[in-house]
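Trainee: Could we go through this model together? I'd like to ask where each label comes from.

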Amino acid sequence: MTSPAAPERETEIVLEPMRATHLADVLALGRRVYDTSVKPYTSWSLSAIARHADGEASACWVALAGDRLAGYVLGSMGFDQRTDWGNLEWIASAPEYQGQGIASRLVKACCATLTEAGASAVVTDVESRNTASAALMRSNGFEASVSVTLFVRETAR
């Protein structure tokens, strides 16, 4: 009687600071997971990534499964007029890696980096229908604070 083959060991997910070599993969993953036809995600672009990566206290991390991008988070110091607040603006997990705790690890890494840089608070925004992201933020110590409604008036064409 032969024994079944041992299952392949899953690739370990490693977090590391985002580097320039990750930019193309981060941009591509963002395009996969953000519906840029829905506000407020219309601003997803290379410049959105670069703004955080090039910031003074960059808190941009990637999650790697070998050489594959499993997820990322983009954060930096400064939010509106509050230079003492950190901003966790973009986070994504590749669909095939969701449910493995990667996003939570990325949130923790981003927040720790921002805290070390002097952030007195870390802010993020979550679209009201994005219940998964809201649950992620709550489970990582974020509390709903201010509710803002985006009013849009389409122009006649």
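Mentor: Sure, we'll take the labels one by one.

Trainee: What should I keep in mind before we start?

Mentor: This is a predicted model, where local features need pLDDT of at least 70, side-chain atom pairs count only at pLDDT 80 or more, and totals for chains, interfaces and linings use all residues. Residues are numbered from 1 along each chain as its sequence is written, and side-chain values use heavy atoms, with hydrogens and water left out.

Trainee: How do you know which parts to trust, going by the mean pLDDT of the chain?

Mentor: pLDDT is the predictor's confidence in each residue, from 0 to 100. The chain mean is 85, with 90% of residues reaching 70 or more. Among the elements, strand 2 has the highest mean, 97, and helix 2 the lowest, 84. Over residues 1–9 the value is below 50, and beyond near neighbours in sequence that stretch has 0 contacts in the model. Contact here means heavy atoms within 4.5 Å.

Trainee: What makes something a helix or a strand here?

Mentor: Both are DSSP runs, numbered from the N terminus: helices are H or I over at least four residues, strands are E over at least two. By that rule the chain has 4 helices and 5 strands, and from the N terminus on they run β-α-α-β-β-β-α-β-α.

Trainee: Why is the sheet called open, and which are its edge strands?

Mentor: Two strands pair if DSSP finds at least two bridges between them. The 5 strands line up as 1-2-3-4-5, with mixed pairing. Strand 1 (13–17) and strand 5 (121–123) each pair on one side only, and they are the edges.

Trainee: How do you know that strand 2 and strand 3 really pair?

Mentor: Strand 2 (residues 61–65) and strand 3 (residues 68–79) share 5 bridges in the antiparallel sense, and the criterion asks for at least two, so they count as paired. Two of the bridge partnerships are A65 with R68 and A63 with G71. These strands form a hairpin with 2 residues between them, and G66 in the turn has a positive phi of about 70°.

Trainee: Which other strands pair in the antiparallel sense?

Mentor: Strand 3 and strand 4 do, over 8 bridges, and F79 has R82 as its partner in strand 4. They too make a hairpin with 2 residues between them, where D80 in the turn has a positive phi of about 50°. Strand 1 and strand 2 pair antiparallel over 5 bridges, with P17 bridging to W61.

Trainee: What makes strand 2 "mostly covered"?

Mentor: Buried means under 20% relative accessible area, exposed over 50%, and partly exposed in between, using a 1.4 Å probe and protein chains only. In strand 2, 5 of its 5 residues are buried. W61, A63 and A65 point one way and V62 and L64 the other, and all are buried.

Trainee: How do you know that helix 1 has a buried side?

Mentor: V26, L27, L29 and G30 are its buried residues. They cover an arc of only 165° around the axis, which puts them on the same side of helix 1; the arc is that of the directions from the helix axis to the C-beta atoms. On the other side, A24, R31 and R32 are exposed. The buried residues pack against helix 2 (46–53), strand 2, strand 3 and strand 4.

Trainee: And what does "running at about 95°" refer to?

Mentor: Axes are lines fitted to C-alpha atoms, for helices over the stretch in contact, and angles run from 0 to 180 degrees between N-to-C directions. Helix 1 (residues 23–33) makes that angle with strand 3 while lying across strand 2, strand 3 and strand 4 (82–93). Helix 3 (residues 102–116) runs at about 160° to strand 4.

Trainee: Why is a group of residues called a nonpolar core?

Mentor: The name calls for buried Ala, Val, Leu, Ile, Met, Phe, Trp, Tyr and Cys residues joined through side-chain atoms within 4.5 Å. The largest one has 39 residues, and V26, W44, Y72, L74, L88, I91 and V107 touch the most other members. Helix 3 gives the most to this core, with 8 residues. I91's contacts include Y34, Y72, V107 and L136, not counting residues up to four places away in sequence.
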